[in-house]
Structures are given as C-alpha cells and as structure tokens.
Amino acid sequence: MSLELLILIVFILLLVCILYISVIVKKSVECLNRTYEPDEITVGEGKKLALIIYQPTRHGSIENISMAIAEELALNDYKVILNYPSKLLNYRLNEYDLICFGGGVYFSRTSPILSDYILSNPCKNKKVLVYLVGRLVDEEKEINELAVLLGGSNKVYKAKVKKDQTKEVRNLVSSIIKE
Ligand SMILES: Cc1cc2nc3c(=O)[nH]c(=O)nc-3n(C[C@H](O)[C@H](O)[C@H](O)COP(=O)(O)O)c2cc1C
C-alpha cells in the first residue's frame, strides 16, 4: 500500500469519527433543550400525592428512573402524577406531599426547560427530590445548581445516579417518605 493511500484512509477515518462525535453532541444538547408536549401519567391510587416532573434523556434512562420512583411511591400509598416540564402545565405544587424533579446531564449541563419550570413554579415547606442521571455520580455541581433554585424553606434531597441504579433510587425514596 502506498503512503498516499494510507494517509487518505486515515484522513477518511478521522472525518467519520468527527462526524459521529458531532452527531452525538448535537443530539445530546438537543434533548436538553427540547420542549415536550405535556403527557400526564398516573401511577398508584394512594391517599398521598406526589408529582414527578422530568426532562426526557436521549435513550430513556431518566424515564426508567422516574418510573422506579413512581412505583416505589405507589407501593407506599401514593398517587403519583408524572409529566414533562412545560409552560403549559398548571399543577399547584403546594397540593403535593412530595415533589420530584429529574433530568439528565450532558457536558455538565442539565435542561434549561427543567430549571425554568422549577423557577416559575415555586413551592414552600415541601419535601423535594432532585434526581439526575449521569455517568459521573460523584460530580455534584449540576445537582447543586438545580437544588439551589428551590429556595430555603423546602427540604431538598439530591440523587445523582447511573442509568441502572433504580434500586438505589428506590431505597432513597423509601427513606425520604419514612422521615
Ligand atoms: C455526549 C455526552 C455527554 C455526557 N456528559 C456527561 C456529564 O457531563 N456528566 C455526567 O455525569 N454524565 C454525562 N454523560 C452521561 C449521560 O448523562 C448518561 O449516559 C445518561 O445515561 C444519558 O441518558 P440516556 O442513557 O437516556 O441517553 C454524557 C453522555 C453523553 C453521550
């Protein structure tokens, strides 16, 4: 094989890699910024009320975590409403016993749609769980930035988990509601 041909092959491979990475970056950033039509789901028929608002991630990890939270709450006498953050929602947060906000982390960023929802729907004296799915579970910067939006009167719990840590999140929820 001539040197020119080898250089050409390496160049093409590099281009393919750059293209692949830029598609992943673009799609990841897009899902942080995408507004979803409201699509309410109810889980459980308990006496206590919980609201879960989560921004979908690219491959559905936050949905799995959110459903695990909802199922755990439903097993503990909760009726759980799940929906996506949107300006079209009109939930009165102060009517809920527990409020959960969830989303994914890409490039150390969380969804501005979720933070806008938190800021425009303040709640007081509530138990609030902020949960994020990400690979770097020890990096707390993003979750702290979200938690700080909730103001001082709420009891805020934080969980950053990997996509398969549904059991850990269920345990946390179980301990929060027993407190
Ligand atoms: C392009 C990209 C950037 C990421 N950046 C971060 C990050 O900064 N911090 C982190 O904890 N996880 C990061 N992750 C990991 C994702 O949050 C994690 O894979 C999550 O499960 C994504 O949700 P999904 O599986 O539904 O796509 C990143 C993943 C991708 C693909």
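Here is a short briefing on the structure above, from the overall fold to the ligand and three loop residues. Please keep in mind that this is a predicted model. The protein chain contains five helices and six strands, and 19 residues surround the ligand.

**Overall fold**

- Following the sequence of the protein chain, you meet helices and strands in the pattern α-β-β-α-β-β-α-β-α-β-α.
- The C-alpha trace of the protein chain spans about 75 × 30 × 30 Å along its principal axes.
- Of the 179 residues in the protein chain, 31% are buried.
- Among contacts in the protein chain with a separation of 6 or more, 81% are between residues 24 or more positions apart.

**Around the ligand**

- If you want a place to start looking, T57, R58, S61, G134 and L136 come nearest to the ligand among the 19 residues around it.
- Helix α1, residues 3-33, supplies the largest share of the shell around the ligand, with three residues.
- Sorted by class, the shell around the ligand holds eight polar, seven nonpolar and four charged residues.

**Two loop residues with positive phi**

- A general point helps here: most residues other than glycine have a negative phi.
- D77 has a positive phi, near 70 degrees, although D77 is not a glycine.
- You will find D77 in the loop that runs between α2 (61-74) and β3 (78-83).
- D77 counts as exposed because its C-beta neighbours inside 10 Å number 12, and a residue with 12 or fewer is classed that way.
- F107 is also a residue other than glycine with a positive phi, in this case near 50 degrees.
- The loop between β4 (98-104) and α3 (112-120) is where F107 lies.
- F107 has 9 C-beta neighbours inside 10 Å, so F107 counts as exposed.

**E139, a partly exposed loop residue**

- E139 sits in the loop between β5 (127-133) and α4 (141-147).
- E139 has 14 C-beta neighbours inside 10 Å and therefore counts as partly exposed; the exposed class ends at 12 and the buried class begins at 20.
- E139 and I12 are 127 residues apart along the chain, and their C-alpha atoms are separated by 36 Å.

Notes
Residues numbered from 1 in each chain as written. Predicted model: local features only at pLDDT ≥ 70, side-chain atom pairs only at ≥ 80, totals over all residues. Near = placed C-beta within 6 Å. Helix = DSSP H or I, 4+ residues; strand = E, 2+ residues; numbered from the N terminus. Nonpolar A, V, L, I, M, F, W, Y, C, P; charged D, E, K, R; others polar. Contact = placed C-beta atoms within 7 Å.
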